[in-house]
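Student: I have a model open and want to learn to read it feature by feature. Where do we begin?
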Amino acid sequence: MKNSFVLLAVLIFSLGSMAMNSKMHNLKMHDLKIVQEKDYLMMKDGKMMVMKNDKKMLLSKEMTLSDGSIVYPNGKVKMKNGKKMMLKNGDMMDMNGMMMKDKMKMEKEKMEKEKMKMEKK
């Protein structure tokens, strides 16, 4: 009897997983590519990290962003208007000098919206 419940639970989980995978597969590749292509800078554990083309690397020298802002390896930022700020652990900035929400949270929200759209169809 106990084995029947375990087998039933495994079967239900497997079916749910397959259904979810097929829905995720149906998401437009365009939408997934947009999420993956976003390059950004992030202060992590006191170090400035650069996420570019899905590769994370340490910022080793100052970087000038497209808006003219300069980001330094220690997390200092000199905005194009001359204002200076220090990024805190977890702060993120896109390559245009705009502060970003938590990337993981943004991706999760986007995926949830797509999942809801797929379920409605």
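Tutor: With a definition. A salt bridge is a side-chain nitrogen of Lys or Arg within 4 Å of a carboxyl oxygen of Asp or Glu. Keep in mind that this is a predicted model.

Student: How many salt bridges does the structure hold?

Tutor: One. Lys-117 forms it with Glu-114, and the closest N and O atoms are 3.8 Å apart. That falls within the 4 Å cut-off.

Student: Why are Lys-117 and Glu-114 separated by about one helical turn?

Tutor: Because they are three residues apart in helix α3, which covers residues 103-120.

Student: Is Glu-114 buried or exposed?

Tutor: Buried means under 20% relative accessible area. Glu-114 has 11% relative accessibility, so it counts as buried.

Student: Let me step back to the whole chain. Which elements does the secondary structure comprise?

Tutor: Three helices and nine strands. From the N terminus the order is α-α-β-β-β-β-β-β-β-β-β-α. Buried residues make up 25% of the 121 residues. The chain exposes about 9,400 Å², with carbon and sulfur atoms supplying 60% of that area.

Student: What do the contacts say about sequence separation?

Tutor: Take contacts between residues at least 6 apart in sequence. Of these, 42% join residues at least 24 apart.

Student: Now the sheet. How do I read strand pairing?

Tutor: Strands of a sheet pair through backbone hydrogen bonds, either parallel or antiparallel. Here an open sheet of five strands runs in the order β3-β2-β1-β8-β9, with antiparallel pairing. Its edge strands are β3 (55-58) and β9 (99-100), each pairing on one side only.

Student: How many bridges join β1 to β2?

Tutor: Five, and the two strands run antiparallel. One pair to find on screen is Lys-44 with its bridge partner in β2, Lys-47. On the other side of the strand order, β1 pairs with β8 (residues 92-94) over three bridges, also antiparallel. There Met-42 stands opposite Met-92 in β8.

Student: And how do β2 and β3 pair?

Tutor: Strand β2, residues 47-52, pairs with β3 in the antiparallel sense over four bridges. Look for Met-51, which stands opposite Lys-56 in β3.

Student: Which backbone angles should I check in the loops?

Tutor: Look for positive phi in residues other than glycine. Asp-45 has phi near 55 degrees. This residue lies in the loop between β1 (40-44) and β2. The hairpin of these strands has two residues between them. Asn-53 also has a positive phi, near 50 degrees. Its place is in the loop between β2 and β3.

Student: Are Asp-45 and Asn-53 buried or exposed?

Tutor: Exposed means over 50% relative accessible area. Asp-45 has 60%, so it is exposed. Asn-53 has 61%, so it is exposed too.

Student: What about the interior? Which residues have the most contacts inside the largest nonpolar core?

Tutor: Think of a core as a set of buried nonpolar residues joined through side-chain atoms. The largest one here has 13 residues, and those with the most contacts inside it are Leu-41, Met-48, Met-63, Leu-65 and Val-71. Strands β1 and β2 each supply at least two residues of this core.

Student: Take Met-63. Which residues is it in contact with, leaving aside neighbours within four places in sequence?

Tutor: Met-63 is then in contact with Leu-41, Val-50, Ser-69, Ile-70, Val-71 and Met-95. Two of those names, Leu-41 and Val-71, you have just met among the core residues with the most contacts.

Conventions: Residues numbered from 1 in each chain as written. Predicted model: local features only at pLDDT ≥ 70, side-chain atom pairs only at ≥ 80, totals over all residues. Heavy atoms only, no water. Pairing = 2+ DSSP bridges. Buried < 20%, exposed > 50% of the residue type's maximum accessible area, 1.4 Å probe, protein only. Contact = heavy atoms within 4.5 Å. Areas by Shrake-Rupley, 256 points an atom, 1.4 Å probe, with all protein chains shown as cover. Core = buried A, V, L, I, M, F, W, Y, C linked by side-chain atoms within 4.5 Å.
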